[in-house]
Amino acid sequence: MTTQLARPIVDRHTSARRAARRRSITGWSFVAPFAIVFIAMLVAPLLYALYLSLFQTKMIGGTQFVLLGNYFKAFTDPSFLDGIWFVARFSLVLIPLQMAVSLGVALILDLVTTKFARFSRLMIFLPYAIPAVIGALMWGFLYSKSFGPLAELFGVFGLAGPDFLSRDLIFFGLLNIVTWQWAGYYMIILFAALQGVDPTLYEAARIDGANQWQIVWRIKIPLIAPALVLILVFALIGTLQFFNEPQILRYLAAGSISADFTPNMYAYQQAFALANYNYGSAISFALGAVVFVFVYLFMFITRKRGSFLS
Amino acid sequence: MTASALRTQRRPRRPRYIALQVLLGFLVVYFLVPFWWVIVNGSKSAAGLFGGGSALWFADTINYLSNFGELFTYQDGIYARWLLNSAMYAFVGGIGATVLAVAAGYGFAKYQFGGRRASFAILLGSVMVPTTALVIPTFILFSQFGITNTIWAVILPTLLNPFGVYLMHVYTRDAVPDELLDAARVDGAGEFRIFYQVALPMLRPAIVTVLLLSVVSSWNNYFLPLAMLSDNRLYPVTVGIGLWQGIASANNSGGTSLWSIIILGSLVSVIPLVIAFLSLQRYWQGGLSIGSLK
């Protein structure tokens, strides 16, 4: 009696389970190709770097297991620490500047809808399409004493042009290049977010007597907060791994940019100029960990307002 | 209603914001100055470059043609090869990364499977791993397999685009209704056919955006090919121009003739992407906001 009653229920159960399993397999098969690349190109190198970073190769004595020896070395190595200090300082100035420029332009473009404004939007975005190497080179030309226009322009007022490739001003030279390169991209993201805001909110605010500034501060900026968090994260990740621009300007700005200027350049120098793969791996891994922790903390703090992780 | 009443009604609606437009004008000049400089100075001979004329205006003789000739014949025309390499890396890597991202984003958005939540959390975490931190470890790993200094050393790491997967996930989740997929299932369509014929056409804006972002990031890549390649015939244009620039800077006197082709080379190397962006505006202008709207 029991068997006869139970059978159809069991059948339905197994067929539902079978369908779920089939669905599960299909789901995995969509994800699998990416998962393979992910494991081969991200997980494997990271684990391998971690493994390599636990050894030291010496001229005498060969390769030795040193556990965290390379990390102790890195975090007491003035080259590495100065590099970290530089990118930290650079981010602190760059990111607010970039955000202010891109947000300001996005707000203007949200307000002004003439043909010229649309044209400006495109032109301000254009540097995003330029490789960082070429962007750095173009600005390097403009800064250059031999063929840049700065001396000429300042000469009109009887002044000596600033040398953005000199040791004192290279910070600002790089600041300008990175802002130029990325502000337009961030501006487009913010602009698109602004365009997604329901315009009836502005009407309602205006009826309540709000002026343009109040609309900007109380409605527009709070509503695009998720986009602001997103570009902040992009900017943070990008700046901490600074490499291309200083590497390219090294030659033009002879003497102002050392081989250990940023942590990434230092890792590159260790690995490729000195063939010190163990230490290079340790620096790469330490840098990756520092960036990850920084960004993760930041995301955690802004979690409520941001949308990326929530 | 009289004409003047109409006019006063319309005026506050379309203010022209002269001051803001002037400000925009200054910004446009700032953002275009580097382009202007390479356009102008790409036309100069070495003598014109160092001859003390204005840096922001053309010299007396326009030398585009002979500079072009020199650019494309210098070192047996290696520059053209670099351009082709860049295009190849950008397209193979970019298309590959996009295909993987579209499939994975769809899988994450539309299927329940064991380990889905955990793997998606790992994926989001990986967006925060700086890609350059992977370059040196990947190089060492590749050298174990003997594939450094081959095209694969540049293409394979380019296939990894976790942010692209995230974008596709968000877009698929919102743009493709589950009911539609279920309806197709009831009609007896297989899962892959549903993906291909029902979902894919609806994902077009996001696909174009992810493709564009992948192509740009791989066309603009410098650190990865710089580390991976030692044969200059495999270089993309970024690494190639970086190399010339290093040579020209190193020997100040002997390098002067090299500068004019470096400048023109920089100009030529940005043209393809500038054209791509200007002609595809319709697609990317909306698509770039995908990750930030919710």
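A residue counts as buried when 20 or more other C-beta atoms lie within 10 Å of its own C-beta atom. Keep that cut-off in mind for the views below, which are all drawn from a predicted model.

**View 1. Leu94(A) sits in helix H3 (residues 78-111) of chain A.**
Start here to see the burial cut-off at work. Leu94(A) has 23 C-beta neighbours inside 10 Å, and because the cut-off is 20 or more, Leu94(A) counts as buried. Setting aside the neighbours within four places in sequence, the contacts of Leu94(A) are Leu175(A), Val178(A), Thr179(A) and Thr239(A). For a sense of scale, look along the chain to Val105(A), 11 residues away from Leu94(A): the two C-alpha atoms are 16 Å apart.

**View 2. Chain A is assigned two domains, and a nonpolar core draws on both of them.**
Domain 1 covers 2-52 and domain 2 covers 71-301. Taken over C-alpha atoms, the centres of these two domains of chain A are separated by 42 Å. The largest nonpolar core has 170 residues, and Met187(A), Ile189(A) and Leu190(A) are the ones that touch the most other members. Helix H7 (residues 170-195) of chain A gives this core its largest share, 17 residues. Each of domain 1 and domain 2 of chain A supplies at least three residues to the core.

**View 3. Chains A and B meet through 82 residues from chain A and 79 residues from chain B.**
Which helix gives the largest share of the side of chain A that touches chain B? That share, 19 residues, comes from helix H1 (residues 2-52) of chain A. By residue type, this side of chain A comprises 63 nonpolar, 17 polar and 2 charged residues.

**View 4. Helix H5 (residues 132-143) of chain A packs against H14(B).**
Zooming in on this pair, the axes of H5(A) and H14(B) are 9 Å apart and meet at an angle of about 30°. From H5(A), the contact uses Val133(A), Ile134(A) and Leu137(A), while H14(B) brings Thr238(B), Ile241(B), Gly242(B) and Gln245(B). Sorted by type, the residues of this contact are 4 nonpolar and 3 polar, with no charged ones.

**View 5. Helix H14 (residues 237-250) of chain B is largely enclosed by the rest of the structure.**
The enclosure follows from burial, because 10 of the 14 residues of H14(B) are buried. They are Val237(B), Thr238(B), Val239(B), Gly240(B), Ile241(B), Gly242(B), Trp244(B), Gln245(B), Ala248(B) and Ser249(B). The length of H14(B) can be checked too: at 1.5 Å a residue, its 14 residues should span 20 Å, and the end C-alpha atoms are 20 Å apart, which agrees.

**View 6. Helix H9 (residues 162-175) of chain B spans the length expected of its 14 residues.**
At 1.5 Å a residue H9(B) should span 20 Å, and the distance of 20 Å between its end C-alpha atoms agrees. Is H9(B) largely enclosed or largely open? With 11 of its 14 residues buried, H9(B) is largely enclosed by the rest of the structure. The buried residues include Pro162(B), Phe163(B), Tyr166(B), Met168(B), His169(B) and Tyr171(B).

**View 7. Chain B as a whole has 16 helices and 0 strands.**
Stepping back, this view places H9(B) and H14(B) in their setting. Chain B has 294 residues, and buried residues make up 45% of them. Of the contacts in chain B between residues at least 6 apart in sequence, 74% join residues at least 24 apart.

How values were computed: Residues are numbered from 1 along each chain as its sequence is written. Chains are lettered from A and ligands numbered from 1 in the order in which they are written. This is a predicted model: local features need pLDDT of at least 70, side-chain atom pairs count only at pLDDT 80 or more; totals for chains, interfaces and linings use all residues. Helices (H or I, at least four residues) and strands (E, at least two) are DSSP runs, numbered from the N terminus. A residue is buried if 20 or more other C-beta atoms lie within 10 Å of its own, exposed if 12 or fewer, and partly exposed in between; C-beta atoms are placed from the backbone. Two residues are in contact if their C-beta atoms, placed from the backbone, lie within 7 Å. Domain bounds come from an automatic or database domain assignment. Ala, Val, Leu, Ile, Met, Phe, Trp, Tyr, Cys and Pro count as nonpolar, Asp, Glu, Lys and Arg as charged, and the others, Gly among them, as polar. The expected span of a helix is 1.5 Å times one less than its number of residues. Axes are lines fitted to C-alpha atoms, for helices over the stretch in contact, and angles run from 0 to 180 degrees between N-to-C directions. A nonpolar core is a set of buried Ala, Val, Leu, Ile, Met, Phe, Trp, Tyr and Cys residues joined through C-beta atoms within 7 Å.
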